[in-house]
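User: Hi! Could you walk me through this structure before I head back to the bench?

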Amino acid sequence: MNHTDRLILSKRPRRLRTSATARKLVAEHHLRCEDLVWPLFVHAGKQSEPIASLPGISRLDEKSLLGACREAIDNGLGAVALFPVVDEQLRTADGSEATNDQGLIQTMLRLVKRHYPELLLVADVALDPYTSHGHDGLIDAEGRVQNDPTVAVLVKQAMSLADAGADIVAPSDMMDGRVGAIRIALEKAGYTDTKIMSYAVKYASCLYGPFRDALKSGERLQSDKKTYQMNPANAGEAIVEAGLDIEEGADMIMVKPGIAYLDIIHRLAKRYKLPVFAYQVSGEYAMIEAASANRWIDGDAALLETLLAFKRAGCRGIFSYYALRAAKLIRAQT
């Protein structure tokens, strides 16, 4: 371009994009290893089992779990979330195994806390891994999930998990009033430092399939969860749900799934000052993996871009099956 043809502009936004160093200098949001929570599936087997619908993810035995936790710490991750794959014979209509102080998840929590006390442990509070019918709560003769009786069991489960070493109990069941009931019970028992991360906004999504495969619970579910999980059409309801859980004593709130609900995350982060988390769920992971395996997208770039989108929307932290892989990529860039 000749000098006479050159535009004389006072503002050229591209000036701040001319080099990688300049782009990093003015970046509005950053993804850190500390932002990530790594969900891990555990089972009572003697070796790890690959999960077909979650490529690269396995159900972990004790030895594999300790190895994963060591790798998490070595790569800058500060927290893992444990999910139990319960033996079929222990799954009952009332989900009583959830409150077994010597159960699978309680045993695994104690194991990890003994070896890696510095690692924050998140434990899920819900009955679906333990029920023969696959629902998150107790059901009546007509198959309807019963709210108040379920809350009573969830309180016992949360107490058992806190006693086993969970730093954070995470009610994911979507029963009304469960956060308040758990908070009161924890306070009365002296667990004043145990944090509650409420799945305050959990939608009845189609993106949970691989997770249910991982827990071997999908085939048991005879009906959907739409009477307690939220309608994907609703946004204002998320404000109500989150507000109630905050009033009841939640320390952190969760939105699940993640990438399709960035607007919800943004609204909650703007309205409330508590930390907002997102769960990049199993279906999101599986879609990226499938597209990457077919070379339709760059998998590493896609996982980092989606994780950064959560931070941009207002998340303080993100649950992701990509946590370890992302942490390695982040460390390689610094």
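Analyst: Happy to; below we go from the overall fold to the strands and then the salt bridges.

User: Great. What should I know about the model before we start?

Analyst: This is a predicted model, so to speak of local features we need pLDDT of at least 70, side-chain atom pairs count only at pLDDT 80 or more, and totals for chains, interfaces and linings use all residues. Residues are numbered from 1 along each chain as its sequence is written, and side-chain values use heavy atoms, with hydrogens and water left out.

User: How many helices and strands does the chain have?

Analyst: The chain has eleven helices and ten strands. Both are DSSP runs numbered from the N terminus: helices are H or I with at least four residues, strands are E with at least two. The radius of gyration is 21 Å, close to the 20 Å that the globule rule gives for 334 residues, so the chain is as compact as a globular protein of that length. That radius is taken over C-alpha atoms, and the globule rule is 2.2 Å times the number of residues to the power 0.38.

User: And what box do the C-alpha atoms fill?

Analyst: Roughly 85 × 45 × 40 Å, taken along the principal axes.

User: How much of the chain counts as buried?

Analyst: Of the 334 residues, 53% count as buried. Buried means under 20% relative accessible area, exposed means over 50%, and partly exposed is in between, using a 1.4 Å probe and protein chains only.

User: Let's look at the strands. Which way do the residues of β6 point?

Analyst: Strand β6 covers residues 168–171; Ile168 and Ala170 point one way, Val169 and Pro171 point the other way, and all are buried. In a regular strand the side chains alternate between the two faces of the sheet.

User: Which strands does β6 pair with?

Analyst: Strand β5 (residues 120–125) runs parallel to β6, and four bridges join them. Strand β7 (residues 195–202) also runs parallel to β6, joined by two bridges. For two strands to pair, DSSP has to find at least two bridges between them. Val169 has a partner in each neighbour: alanine 123 stands opposite valine 169, and valine 169 stands opposite isoleucine 196 in β7.

User: Where does β5 sit, then?

Analyst: Five of the six residues of β5 are buried, so β5 is largely enclosed by the rest of the structure. Strand β4 (residues 79–84) runs parallel to β5, with four bridges between them. You can follow valine 122 across: its bridge partner in β4 is alanine 81, and its bridge partner in β6 is isoleucine 168.

User: What connects these strands?

Analyst: Helices do. β4, helix α3 (residues 104–115) and β5 make a right-handed β-α-β unit. β5, helix α4 (residues 147–164) and β6 make another right-handed unit, and so do β6, helix α5 (residues 178–188) and β7. Right-handed here describes the crossover: with the strands pointing away from the viewer, the path from the first strand over the helix to the second runs clockwise.

User: Switching topic: how many salt bridges are there?

Analyst: The count comes to 18, where a salt bridge is a side-chain nitrogen of Lys or Arg within 4 Å of a carboxyl oxygen of Asp or Glu. One of them joins aspartate 300 and arginine 325 at 2.8 Å, N to O. Aspartate 300 lies in helix α10 (residues 299–313) and arginine 325 in helix α11 (residues 323–333), so the pair ties together parts that are 25 residues apart in sequence.

User: Are those two buried or exposed?

Analyst: In between: aspartate 300 is partly exposed at 31% relative accessibility, and arginine 325 is partly exposed at 30%.

User: Which other residues form salt bridges?

Analyst: Arginine 91 meets glutamate 88 at 3.5 Å, N to O. Arginine 91 is buried, with a relative accessible area of 6%, whereas glutamate 88 is partly exposed at 46%. Arginine 144 forms a salt bridge with aspartate 140, the closest N and O atoms being 2.9 Å apart, and arginine 144 counts as exposed at 51%. There is also a network of salt bridges linking Arg32, Asp35 and Lys311.
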